[in-house]
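Trainee: I'd like a close look at just one part of this protein, please. Here it is.

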Amino acid sequence: MHSNSFFHFVFTDIIAAVIWHIIIFVLCVKINEKHFDYRKKRYMTKSWEKNGNIYIKYFKIKLWKDHIPQHIGKEGFSKRNVDLKMLNDDEYIERFLLETCRAEWNHSYNCLYAVIAFIISPVAYAVVFSSIVIIFNGACVCIQRYNRIRILNLKARIQRKEVTE
């Protein structure tokens with residue numbers, strides 16, 4: 001294969017991936033927030049997640065999750081750390097949970113770029129670009145699910161504490 005072909009396919013895949021990610025991001029921002037309800041089956045904790053321990057034990061998430069960049073929306077909501085001063089604020093907790101669902105949706109649909117890669121590129125290029133997209137976005141999905149489990153556990157502890165007081 002000529003080097004021109006190499007650069008052509010790399011350039012095409014990069015441009016296509018960027019366009020796909022922008023489209024998914026715009027959709028994610030435009031979709032009604034009710035779609036990102038953490039109580040929906042799609043976002044609920046699965047038994048195989050072992051209450052988040054799967055991410056700790058097998059994915060070693062604590063070693064790398066804080067090194068992945070995050071998008072902070074126009075309202076400035078960061079999911080990097082829980083604002084400890086806001087733990088008793090139900091609205092803050094609900095917003096945090098909603099944003100983890102929104103981010104999970106975004107990164108899940110970004111993974112679908114793999115299909116496009118196989119349509120527009122030879123198999124070898126498609127495998128490389130798909131792998132990059134799936135690994136990065138899959139890591140982001142894991143972070144959102146792990147954080148949501150932690151926040152839900154924290155919310156349950158706060159509610160139990162309020163009941164006993």
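Trainee: How much area does the protein expose, and what share do carbon and sulfur atoms supply? After that, please zoom in on helix 4.

Mentor: Quick heads-up: this is a predicted model, where local features need pLDDT of at least 70 and side-chain atom pairs need 80 or more, while totals for chains, interfaces and linings use all residues. Residues are numbered from 1 along each chain as its sequence is written, and side-chain values use heavy atoms, leaving out hydrogens and water.

The protein exposes about 10600 Å², with carbon and sulfur atoms supplying 65% of it (Shrake-Rupley method, 1.4 Å probe). It has six helices and zero strands; helices are DSSP runs of H or I, at least four residues, and strands are runs of E, at least two.

Now, helix 4 covers residues 90–110. Its 21 residues should span 30 Å, and its end C-alpha atoms are 30 Å apart, so the two agree. The expected span is 1.5 Å times one less than the number of residues. Of those 21 residues, 15 are buried, meaning under 20% relative accessible area with a 1.4 Å probe, protein chains only.

Helix 4 also gives seven residues, the largest share, to the largest nonpolar core. Such a core is a set of buried Ala, Val, Leu, Ile, Met, Phe, Trp, Tyr and Cys residues joined through side-chain atoms within 4.5 Å. This one has 13 residues, and those touching the most other members include Phe36, Ile93, Leu97, Cys101 and Trp105. Phe36 touches Leu98, Cys101, Arg102 and Trp105, among others (contact means heavy atoms within 4.5 Å).

Methods
Buried means under 20% relative accessible area, exposed over 50%, partly exposed in between (1.4 Å probe, protein chains only). Lists of a residue's contacts leave out its neighbours within four places in sequence.
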